[in-house]
Structure formats: structure tokens, C-alpha cells
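These are my notebook entries on one structure. I looked up two threonine positions and one strand.

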Amino acid sequence: MLSDPRVQLLVAGLAPEYVKSVIRAVQAEARAGDLGPDEVVEMARLRLAVGPSSLRRVLNATGIVVHTNLGRAPLSAAALEAIEQAAGYVDVELDLTSGVRAARGRGALAALRSAVPSAEDAIVVNNGAAALVLATTALAAGREVIVSRGELVEIGDGFRLPALIESTGARLREVGTTNRTHLRDYAEAIGPQTGCILKVHPGNFWMGGFTAEVAPAALATLAVPIVMDIGSGLLAPDPALPDEPDAATALAGGAALVTASGDKLLGGPQAGIVLGEADLVQRLRRHPLARALRVDKLTLAALEATLQGPPPPVTRYRSADSAALRERCERLVVAIAAGAIAVGAGSGAGRLVQSSGRVGGGGAPGVPLPGWALELPSGCAAALRVGRPPVLARVDKGRCLVDLRCVDPTDDHLLAAAVLAALAADSGERD
Ligand SMILES: *Cc1c(COP(=O)(O)O)cnc(C)c1O
């Protein structure tokens, strides 16, 4: 099989052992009777054609900007370029002028400090959860973390904040009630065992009605370091997202440390960011765990370029102009109507409808992002997912909505072709 020309064409870019393992697996399927003898080469060819990595680019037509299942923030062109630069040998820990070792990631850290001038220092780790683990470990391992019962949340995929904190060896000291926590609740809990107070922005969940929480400014009177997990990574206030906490405001309001993710509203690579008081950040940096949580050169490169380059896709998509989205959607409707008859889907297969996008990733949960979508027969969602390129539409009350918000306009022609193919597959299914 290795010498079959159809296989030979594909092996050049692949590890020989990988090629052999794919072929062996296909042969085993044939021996087990799951595959006909004449299908063996074709099946091996199909699997090898995927290439050395199985991750595939997907068009996000859900209207959800930060979609965790789709890898959260798509990177900016500036970040991609920086990654390419950093992929080989790079001066990540070396000062080229003096020839001596230099602080790792100093460019990304300087970019963070200049984006948030009220932060005296910064550190970057693997993700938001790691930032929180490092902060609570360094400040409170073997001691207590005071946290409101209204903020003991599960964030996603079974990730529970209380469990994460307790895994560091810190003890949780819960205060207040689910709906209301007061300054005196925190004050009464403070003692010699206190390591820090933790304020968590619950992100994907919010409360209304008879509720009360304590602002960081009030907590700052308590003479205990306040760690604020803002989650989304907004560095400065954004009028479009009035309820979303940001790092600058949290620090100005009395937080000693702020932790956040790099790949949510910040729009960068997966990373955890800690900003705040110099002596505390230094304690985190010196903690042995910091070495285990540090990020690679590619992350540092992408983060710095995200901060210093043009607005990243997440920023563009969440503020996309509704009229411009409508115009693109109308063009898509026309393109599809023209092609739909040819694929047997009939005219009127795609309809322009209003559609509300979302920030996603636990950001601004109650804020709709007004836009437009193409409504397709509900069966199209499955066909779109397995198309080329795969398209993830939003299924809402049995409708398949193709929302253009998070599709780059330069990909509109790919989207049109994928929709037509899905219509053809769907109408074939129904015939
Ligand atoms: C997303 C989030 C986290 C976890 O961040 P990751 O980058 O996913 O590890 C922690 N806290 C809050 C409030 C979040 O929104």
C-alpha cells in the first residue's frame, strides 16, 4: 500500500510511522470485515489527506463571538504574523544588544502595563484558571480565601471555582448568602488566617431581585489583599458592555490583583493575565508554581501583537454594524437564490431574518448584539457542520440560522458555497 501512487502522493508531508499506523488501522478494519478489499486504499487516502493535524478551520455562523467549543478568540492577522516570527529561534529570553539573558516575555508584559497604566506589574500564565490558582496559592495556601456565597460558581465544562481554590491548599471561607453579601460579612471573617479576599465576576450567570454585593472600593478598606477575577479580560471600560468589569476600573477601585483570560474579550491567545500591585505580582512570579504555569513564546508573541496591533476579530465582531451585516446577508440571499434552483432546493430556500448575537465565553451574558442572519431549513445545520469548510450555524427553536457576525467578510464566498452544498444535501435527504 505504501507504494501505491495514490498513497504516495500524500505521504510526503507526513511522518512515516504515522502513515504506517493509518494503513495498519485500515487493513485491520478490512480483515475484520468492516471494509471491502477494494475500499482499503481509498479509505487510507481519505484519512491521510487530513494532513498532520486533525484540527480544521470552521466558519462560526452562530453569532456567538467567543465560542469556547470553537477555540474562543480567533487571532488577529498581527498575532498570526507574530506567531510566525516567533516560531523559530527567537529572542524571548535574550537581550541581543548586550548578549545577556533578559526577562522572558518582557514585550508582552510592557504591552499589558501600557494598556492598563494603573497596573504596577503583570504576569502571564497558561489560562484564566491558572492565573487564579497562582494568585490564591501565593497569597493564601494553607490559609483562608474569603469569598461570597453568591460567587461560588461553576463556569463551564464542570469547572467549579470552589474546587479550584481548594485544590491549591487554601481553605474557602464562605461569607454572606446566595443573594446578599454585605461588607460586615467580609469584615467579621477576617482574622490571622486570612490570605486574601476573592471577588469573582460570575460571567455566564447573573442575579436579579433582592440582591446585594460589595464593591471592591468598599472591600479595600479592610486591609486584606483583594483578588478580583474579572474573567473576560476587558482591560478598560467599554460603554457597549456597561455591566462587564474591566481591569483598570477594578484596580482603581481597590483590587490588589486582577485575574483574567487572554482569549475572551481581549481577543488574544489562550492565556491567564494577572495585573496589579508590584510586590504581590513579584510574589506570584517567585512562586515555584509560576514556572509550571508559564506560557510559551508563541503565546507571548500573539498576546503582545493583539495588544499593540489593530483591533482583533473579537472586537470587530462584537461591534459589527447591524446595517453592514444586513447588506452582506442580503447579498448572500441573492447568491443563494441564484444557485438554489440549480441544486434543486427551490427558490426562497434562504430567508433574511433578524438575529441577536452574543458575546459568549461568559462575557456580558444579558447583552444581545443586534444583527442579521439567513434562515435555512432546519436539516441544513447538520449538513453545514460536515461541509467544506465546516460551518457551525445556530439552531434556534427548530430554525437553522446562519449569522454573519463572526464570519470574516473575506469568507462570504466560502460561506455561500457551503450553504448551497448544504441545501443540496438537505433537499437530497428529503427527496
Ligand atoms: C473564563 C473564566 C475563568 C477561566 O478562565 P480560562 O481562561 O478559561 O481558564 C475564570 N473565571 C472567570 C470569571 C471566567 O469568566
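The entries below record what I looked up in this predicted model.

Entry 1, Thr62. I located Thr62 in the loop between β1 (59–61) and β2 (64–66). I then asked whether Thr62 is buried or exposed. Its relative accessibility is 3%, which is under the 20% limit, so Thr62 counts as buried. For the side chain, I noted a polar contact of 2.5 Å with the side chain of Asn60. Setting aside neighbours within four places in sequence, I found Thr62 in contact with His67, Leu392, Ala393, Arg394 and Asp403.

Entry 2, Thr136. I placed Thr136 in helix α6, which covers residues 128–140. Thr136 counts as buried because its relative accessibility is 0%. I recorded that its side chain reaches the backbone oxygen of Val133 at 3.3 Å. Not counting residues up to four places away in sequence, Thr136 touches Ala141, Val145, Ile165 and Thr168.

Entry 3, strand β4. I turned next to β4, residues 144–148, where five of the five residues are buried. Side chains in a regular strand alternate between the two faces of the sheet. I therefore checked each side of β4: Glu144, Ile146 and Ser148 lie on one side, Val145 and Val147 on the other, and all are buried.

Entry 4, partners of β4. Which strands does β4 pair with? I found five bridges to β7 (residues 171–175), running parallel, and Ser148 has Val175 as its bridge partner there. I also found four bridges from β4 to β8 (residues 194–200), again parallel, with Glu144 opposite Thr194.

How values were computed. Residues are numbered from 1 along each chain as its sequence is written. This is a predicted model: local features need pLDDT of at least 70, side-chain atom pairs count only at pLDDT 80 or more; totals for chains, interfaces and linings use all residues. Side-chain values use heavy atoms; hydrogens and water are left out. Buried means under 20% relative accessible area, exposed over 50%, partly exposed in between (1.4 Å probe, protein chains only). A polar contact is a pair of N or O atoms within 3.5 Å; within protein, one must be able to donate a hydrogen and the other to accept it, and residues adjacent in sequence count only if both atoms are side-chain atoms. Contact means heavy atoms within 4.5 Å. Two strands pair if DSSP finds at least two bridges between them.
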